[in-house]
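Me: I'd like a close look at one part of this protein, namely its salt bridges. Could you walk me through them in plain words?

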Amino acid sequence: CIRDRWYQRRVHGTAACFSSLRSMASTAPSGLGESRISGRDGGAISSPASGTLKRMDSSSVATAMFPSTKDAQHKPLYEDPSTPTVMTSPDGFSETESQQSDASANDSDPSGEMLDCRQCTDNLLRVYELDDTLQAIFRKVRSSEKARGLTDEEVVKIVYARREASSAISLCETFRTVRTKYFDPSWDEIQPILDMRSSYFLPGAVDRQGRGVYVFHVALNNPNALEESQVHKALIFIHESLLAERAENISRGIVYLLDMKGAGWGNINFGQMRRIFALFSKKYPVRIKLQLVIDAPSFISKVVGLFRPFVPKKNMDRLRIISKDGLGEFFTPENLPECFGGTYKFDYDRWLADQKRKFQEAKETSRLPARHHHSFPGR
């Protein structure tokens with residue numbers, strides 16, 4: 001139960017979360033004897049039959065509320081309401097989840113702060129503007145075994161990325177593999193890529209369709225200087241931070257600005273680029289709605305031809321090769337950086353310092369990076 005309260009804490013505050021836990025303890029049936037809540041290391045947090053929670057140290061609370069990616073197998077916040085969950089105590093007494101809810105309702109928290117996790121999920125769906133069709137897909141994917149261990153927000157991202165139940169369920173499985181490999185970097189691993197200044201997002205900037213903006217300066221890229229796993233971890237970190245900035249970046253998608261000015265063959269590792277495209281088009285849930293290749297040299301048509309077999313057709317159809325002067329069709333001047341002829345003032349050093357601060361703050365609570373609606377998946 002404590003593990004399932006992490007989302008409530010993020011949305012509704014710590015007070016509501018712990019009030020809910022106290023209420024659950026006070027309404028526990030007297031016949032249960034000693035109940036247990038499993039911790040990360042297989043230990044147990046016990047409560048006597050009186051229903052009073054034992055005092056836990058801060059590390060135990062953090063372990064229970066914020067499990068790490070490797071062992072985050074918490075129960076989904078949404079389950080099929082037609083299938084009752086039976087809970088059994090060590091002495092053999094059992095009752096359905098609905099019966100426990102009825103017992104809690106009869107002796108609810110007097111402050112009214114105890115919230116149903118399903119209500120939290122409904123709030124999340126409203127935040128991310130899922131229509132009835134997408135909500136139906138979400139519920140089907142959420143109840144799938146392949147989505148077990150994923151957070152509700154991750155499932156929302158997957159639903160938006162695929163917009164079809166069977167495809168979304170399939171992506172759940174591949175995304176869990178990506179999480180295991182790339183979602184727990186150290187700052188030392190990703191800093192060399194960030195120090196290149198080639199990849200970043202523009203805080204607060206959007207295109208004319210209200211979509212977030214990711215920038216990649218190809219001429220600043222040195223593909224052979226670092227291990228490929230470091231590159232993947234850094235790029236995923238930047239994308240996760242961009243998606244965390246606004247709910248609309250998940251629901252409406254994002255736009256790539258691929259600056260080719262001054263780029264040469266030495267700035268492109270074709271094998272590495274092919275695997276990056278495969279990662280973000282087939283294994284990572286993000287809606288890349290438009291890719292604008294700016295000031296491309298003559299060889300870019302050959303590059304596009306090499307990537308075409310490895311990139312979904314819908315993504316290739318969203319690729320546009322334009323000059324810098326053509327960006328006005330897609331952006332207002334205040335949302336376009338000065339390097340592209342706009343008035344948006346971007347300070348990379350300030351952006352990097354802000355990302356490092358959020359990274360370190362998130363690491364202190366075992367969550368990466370800090371988000372408005374929900375922290376880095378699985379943390």
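Is Arg 197 buried, exposed or partly exposed, and what is its relative accessible area?

Reply: Happy to help! This is a predicted model, where local features need pLDDT of at least 70, side-chain atom pairs count only at pLDDT 80 or more, and totals for chains, interfaces and linings use all residues. Residues are numbered from 1 along each chain as its sequence is written, and side-chain values use heavy atoms, leaving out hydrogens and water.

Arg 197 is partly exposed, with a relative accessible area of 36% (buried means under 20%, exposed over 50%, partly exposed in between, using a 1.4 Å probe and protein chains only). Asp 349 forms a salt bridge with Arg 197, their closest N and O atoms being 2.4 Å apart. Asp 349 sits in helix α15 and Arg 197 in the loop between α9 and β5 (199-206), so the pair ties together parts that are 152 residues apart in sequence. Asp 349 is partly exposed too, at 46%.

A salt bridge here is a side-chain nitrogen of Lys or Arg within 4 Å of a carboxyl oxygen of Asp or Glu, and the count by this rule comes to 17. Helices (H or I, at least four residues) and strands (E, at least two) are DSSP runs, numbered from the N terminus.

Another salt bridge joins Lys 363 and Asp 184, at 3.1 Å from N to O. Lys 363 belongs to helix α15 (residues 348-364) and Asp 184 to the loop between α8 (165-182) and α9 (187-195), so parts 179 residues apart in sequence are tied together. Finally, Asp 354, Arg 357, Lys 358 and Glu 361 are linked in a network of salt bridges.
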